[in-house]
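Please find below a colleague's note on the structure, set out as numbered points. The note should be read alongside the sequence and the coordinates.

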Amino acid sequence: MIGLPELPQRVSIREVGPRDGLQNEDVILSTADKLRLLDALGATGLTQIEVGSFVKPQNVPQMADTPEVFARLQRRPGVIYSAIAPNVVGAQRAVEAGADAVMVFLSASESHNRSNVNMSVEQSLVAVANMAAVVREAGKPFDAVLSVVFGCPFEGHVAIERVLELCERLLNLGAGQLTFGDTTGMAYPTLVQQVVLAFRQRFPRQPLRLHLHSARGAGLANILAALQVGITEFDSSIGGIGGCPFAPGAPGNLCTEDLTHMLHEMGIATGLDLPALMECARMLETMLGHEVPGQTIKAGICKHLTG
Ligand code: ZN
């Protein structure tokens with residue numbers, strides 16, 4: 001193994017399937033099914049699970065029962081159950097429902113932000129400040145996700161200087177953790193490294209999480225690129241569901257069990273029980289009534305094949 005670049009020994013995965021995955025599915029799972037899935041996911045060793053979002057039910061009917069999901073959730077010790085809030089009312093509801101952490105979104109490009117929430121980035125920053133106040137007053141962490149960092153479907157390239165400036169503003173508002181989202185799958189390995197290194201140079205001690213997508217097939221290559229520059233926190237979705245705005249069934253979110261399989265093969269610890277994750281993906285297929293995009297449940301675990 002002489003000559004290989006040094007990689008982190010351990011990686012932490014946040015599971016986003018119950019929110020980012022399910023909200024992109026046509027099938028709306030019952031609350032009971034969601035609770036079964038969350039319970040099974042909680043038993044795999046995951047320590048961070050995105051449970052749902054506090055948006056208007058008419059906007060995202062898949063997430064309408066998020067308050068009930070939180071109310072009936074069988075919490076496992078050591079697991080952070082987070083939620084998304086789109087505005088102050090959502091943040092208030094998330095806090096009241098018992099979310100352990102609240103995540104807010106902001107686009108790194110003006111056009112994407114306008115198309116997403118019909119506000120300028122400056123207007124969104126005011127809204128984020130108000131949300132942050134609500135969440136912090138409740139004593140909960142507020143995490144910020146910066147979307148389209150690696151490319152905007154309307155504007156193309158997003159200037160790294162702009163990304164770093166927005167990071168500064170979000171950190172000043174008290175964001176505990178920053179996540180960079182490759183919302184439409186435009187990242188490629190060298191870009192991931194350039195962006196991460198620029199971030200590190202400006203904020204040497206600030207942790208950074210990546211939410212990578214695989215809409216153009218570069219997802220796991222981007223993970224390797226990120227590992228090589230020291231990123232150890234990633235988002236992924238059980239079964240690989242959700243996250244693709246272009247075509248239903250196409251890969252969007254990175255698949256949790258595929259990512260875990262690759263990391264384990266590379267000797268990188270995740271703390272996750274891969275066969276248990278694969279059971280979750282199979283359970284999800286049954287609940288949704290269709291195959292999920294994940295590959296490992298089809299191909300099998302290499303170590304099992306070779307004994
Ligand atoms: Zn996603």
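**Notes on helix packing, overall form and selected loop residues**

1. The axes of helix α6 (residues 121-137) and helix α7 (residues 160-172) come within 11 Å of each other and cross at roughly 25 degrees. Axes here are lines fitted to C-alpha atoms, for helices over the stretch in contact, and angles run from 0 to 180 degrees between N-to-C directions. Helices (H or I, at least four residues) and strands (E, at least two) are DSSP runs, numbered from the N terminus. The two helices α6 and α7 are therefore roughly parallel to each other, a term for angles under 35 degrees (over 145 is roughly antiparallel, 65 to 115 roughly perpendicular, and the rest oblique).

2. The model is predicted: local features need pLDDT of at least 70, side-chain atom pairs count only at pLDDT 80 or more, and totals for chains, interfaces and linings use all residues. Residues are numbered from 1 along each chain as its sequence is written, and side-chain values use heavy atoms, with hydrogens and water left out.

3. Which residues join α6 to α7? On the α6 side they are V121, E122, L125 and V128, which meet R162, L166, R169 and L170 in α7; contact means heavy atoms within 4.5 Å. The residues of this contact divide into five nonpolar, no polar and three charged. In this classification Ala, Val, Leu, Ile, Met, Phe, Trp, Tyr, Cys and Pro count as nonpolar, Asp, Glu, Lys and Arg as charged, and the others, Gly among them, as polar. The crossing of α6 and α7 is right-handed, that is, the near helix is turned clockwise from the far one by less than a right angle (anticlockwise would be left-handed).

4. A second helix pair is formed by α8 (residues 189-202) and α9 (residues 219-228), which pack at an angle of about 35 degrees with their axes 8 Å apart. The crossing of α8 and α9 is right-handed. P189, V192 and Q193 of α8 make the contact with A221, N222, A225, A226 and Q228 of α9. Here the division is five nonpolar, three polar and no charged.

5. For the chain as a whole, the secondary structure comes to 13 helices and eight strands. A compact globule of 307 residues would have a radius of gyration near 19 Å, and the 18 Å of the chain agrees with this; the radius is taken over C-alpha atoms, and the globule rule is 2.2 Å times the number of residues to the power 0.38. The C-alpha trace spans about 55 × 50 × 35 Å along its principal axes. Of the 307 residues, 53% count as buried, where buried means under 20% relative accessible area, exposed over 50%, and partly exposed in between (1.4 Å probe, protein chains only). Among contacts with a separation of 6 or more, 74% are accounted for by residues 24 or more positions apart.

6. P86 lies in the loop between β3 (80-84) and α4 (88-97) and counts as partly exposed at 36% relative accessibility. Beyond its neighbours within four places in sequence, P86 is in contact with F54, V55 and M131. The C-alpha atoms of P86 and F54 are separated by 7.1 Å, although the two are 32 residues apart along the chain.

7. Is N118 buried or exposed? N118 is exposed, with a relative accessible area of 67%, and lies in the loop between α5 (110-117) and α6. N118 has a positive phi of about 60 degrees although it is not a glycine.

8. V148 also has a positive phi, of about 50 degrees, without being a glycine. V148 is placed in the loop between β5 (142-147) and α7, and at 0% relative accessibility V148 counts as buried.
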